[in-house]
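Here is a short briefing on one protein model. Look over the sequence and the fold before reading on.

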Amino acid sequence: MRILSRRDLEARGIRTSKVQLRRQWTAGKFPKPFQLVPGGPLCWTEEEMDAHIASRIAARDRVGA
């Protein structure tokens, strides 16, 4: 399992502010982050982000069909 930081998300094309990310995960539209240590940076698993990106692509394809 690979752990991704916010910088890793940016490298994957997810260039969103911390505030917007919080709004998205609070609304259930983005995977919730976790912290490896209390007070540490926000993290996501690579599997969660891959699944999220795949679901966004699938949603796009359903609309375009």
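Which side chain meets R2 in a salt bridge? The partner is E46, with an N to O distance of 3.7 Å. The model is predicted. It holds 5 salt bridges, and its strands form an open sheet.

**The E46–R2 contact**
- E46 sits in helix α3, which covers residues 46-64, while R2 belongs to the segment before β1.
- The two residues are 44 apart in sequence, so their salt bridge ties together separate parts of the chain.
- E46 has a relative accessible area of 23%, so it counts as partly exposed.
- R2 is also partly exposed, because its relative accessible area is 42% and the class runs up to 50%.

**The E46–R12 contact**
- E46 meets a further side chain, that of R12, in a salt bridge of 2.7 Å, N to O.
- R12 lies in the loop between α1 (6-11) and α2 (18-26).
- E46 lies in α3, so this pair links parts that are 34 residues apart in sequence.
- R12 is partly exposed, at 28% relative accessibility.

**The network**
- Salt bridges link R2, R12, E46 and D50 in a network.
- Both R2 and R12 meet the side chain of E46.
- Side chains of opposite charge can pair when their charged atoms come close.

**The D61–R60 contact**
- D61 and R60 form a salt bridge through their side chains, at 2.8 Å from N to O.
- D61 is partly exposed, with a relative accessibility of 40%.
- R60 reaches 55% relative accessibility. The cut-off for exposed is over 50%, so R60 counts as exposed.

**The sheet**
- How many strands form the open sheet? There are 3, in the order β1-β3-β2, and the pairing is antiparallel.
- The edge strands are β1, at residues 3-4, and β2, at residues 34-35.
- Each edge strand pairs on one side only.
- β3 spans residues 42-45 and pairs with β2 over 2 bridges, in the antiparallel sense.
- F34 has C43 of β3 as its bridge partner.
- Strands of a sheet pair through backbone hydrogen bonds, either parallel or antiparallel.

Methods. Residues are numbered from 1 along each chain as its sequence is written. This is a predicted model: local features need pLDDT of at least 70, side-chain atom pairs count only at pLDDT 80 or more; totals for chains, interfaces and linings use all residues. Side-chain values use heavy atoms; hydrogens and water are left out. Two strands pair if DSSP finds at least two bridges between them. Helices (H or I, at least four residues) and strands (E, at least two) are DSSP runs, numbered from the N terminus. A salt bridge is a side-chain nitrogen of Lys or Arg within 4 Å of a carboxyl oxygen of Asp or Glu. Buried means under 20% relative accessible area, exposed over 50%, partly exposed in between (1.4 Å probe, protein chains only).
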